[in-house]
Each structure stands twice: as structure tokens, then as C-alpha cells.
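Here are my notes on the model you sent, set out as numbered points. Please read them with the structure open beside you.

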Amino acid sequence: MAMKKRLISIPFVVLLGLLLPPLASTAQLSGPRKVNLLLTDNAYSPKTTLKVRKGETVVFTFVNRGRVLHEALIGTPSDQAAHEKEMSGMGNMAMADEKDRVSMKPGQTKKLSFTFDKVGSYEIGCHQPTHYKLGMKVSITVN
Ligand SMILES: [Cu+2]
């Protein structure tokens with residue numbers, strides 16, 4: 001009798017051991033991808049390029065570690081060019097936060113959740129005077 005009981009309980013414990021860890025890691029992977037970027041004077045760090053899938057949502061966290069105002073506009077290269085033009089001549093003005101853009105004062109952290117719904121090239125760009133031209137951008141390819 002005791003022997004029979006042990007034969008039943010061992011496979012049950014083994015089965016639990018096999019099932020639980022994969023369940024735990026699946027739960028972690030199913031959330032949106034998180035990307036952290038530091039903003040310094042005048043670059044995004046780490047220097048990186050991103051690849052995302054069409055329809056993917058990425059939650060960005062931007063931390064301004066610099067001494068001046070920085071921003072992050074997510075959009076196509078032509079969106080970047082349009083905003084660069086818009087910001088030129090405005091001095092160091094902070095743009096209002098919207099679904100595709102945030103600006104951070106020194107020491108400030110902001111999150112931005114963005115869904116890449118079109119295939120092609122996107123960028124994250126800072127359009128405070130001269131920053132974009134100095135290379136304050138991150139290239140993103142959406143497939
Ligand atoms: Cu900047």
C-alpha cells in the first residue's frame with residue numbers, strides 16, 4: 001500500500017516541477033518590451049539601434065542625466081524633419097508631451113508607450129537646438 005502511494009506522488013511532483021518554471025517565464029515575456037534610454041548632453045545612451053515588429057508596443061523610459069532640457073520624439077525621418085523645422089528658432093522651449101513625444105528637464109524621468117503600426121524606418125530624435133544634427137537620435141527598423 002505504502003509503495004503504491006509513493007509511485008503516484010513522485011510523478012506528480014516531477015510534473016509540477018516541469019510546468020511551473022515555464023509558466024512563470026511566459027508571463028514575463030508576454031508584456032510589452034521595455035527599453036531604457038539615458039539622455040546626456042547631447043546623446044541617447046546606450047548608443048543603439050532597435051528592431052521591432054509591426055504592431056509591437058514598446059514602453060520607453062527616458063532619464064535625463066544631462067544638464068539641459070532634452071526631448072524624445074518618436075516618428076519617421078520625415079516626422080523628425082518636420083519637428084526639427086518647427087523647433088528651429090524657438091530657442092530652448094519645451095514641447096508639450098503627446099502620444100509620440102516627451103521632454104525631460106535635467107533629472108526628470110518619463111515613460112512613453114508607443115505602438116509601431118507601420119513597416120519602415122522610425123527614429124527617436126531630440127530637437128532641442130543642434131542636438132539632432134549632433135546625432136541625438138536612435139534608428140528603429142520596423143518589420
Ligand atoms: Cu537633446
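1. Two strands are taken here as paired if DSSP finds at least two bridges between them. On that basis, and bearing in mind that this is a predicted model, five strands come together in an open sheet whose order is 3-9-8-5-6, with mixed pairing. Its edges are formed by strand 3, covering 49-52, and strand 6, covering 101-104, each of which pairs on one side only. Between neighbouring strands of this sheet the turn is 20° on average, with direction ignored.

2. Within that sheet, the pairing of strand 5 with strand 8 can be followed at the level of residues. Strand 5 spans residues 70-75 and strand 8 spans residues 120-125, and the two run antiparallel, joined by three bridges. If you wish to locate this pairing in the viewer, Ile74 is a convenient place to begin, since its bridge partner in strand 8 is Ile124.

3. A further open sheet is made of four strands in the order 2-1-4-7, and here too the pairing is mixed. Strand 2 (43-45) and strand 7 (109-115) are the edge strands, each pairing on one side only. From one strand to the next, the twist in this sheet averages 30°.

4. Which strand pairs with strand 7, and over how many bridges? The partner is strand 4, made up of residues 57-64, and the two pair in the antiparallel sense over seven bridges. One residue pair to look for is Phe62 with its bridge partner in strand 7, Lys110.

5. Turning to the chain as a whole, its secondary structure amounts to nine strands and two helices. Their succession along the sequence is α-β-β-β-β-β-α-β-β-β-β, so that a helix opens the pattern and another helix stands between a run of five strands and a run of four, as the DSSP elements are numbered from the N terminus.

6. As for contacts and burial, among contacts in the protein chain with a separation of 6 or more, 76% are between residues 24 or more positions apart. The chain has 143 residues, of which 22% count as buried.

7. A word on confidence should accompany any use of the model. The mean pLDDT of the protein chain is 86, and 80% of its residues reach 70 or more. Residues 22-27 call for separate mention: pLDDT stays under 50 over this stretch, and the model has zero contacts for these residues beyond four places in sequence.

How values were computed:
Residues numbered from 1 in each chain as written. Predicted model: local features only at pLDDT ≥ 70, side-chain atom pairs only at ≥ 80, totals over all residues. pLDDT = per-residue confidence, 0-100. Contact = placed C-beta atoms within 7 Å. Axes fitted to C-alpha atoms, helices over the stretch in contact; angles between N-to-C directions. Buried ≥ 20, exposed ≤ 12 C-beta atoms within 10 Å, placed from the backbone.
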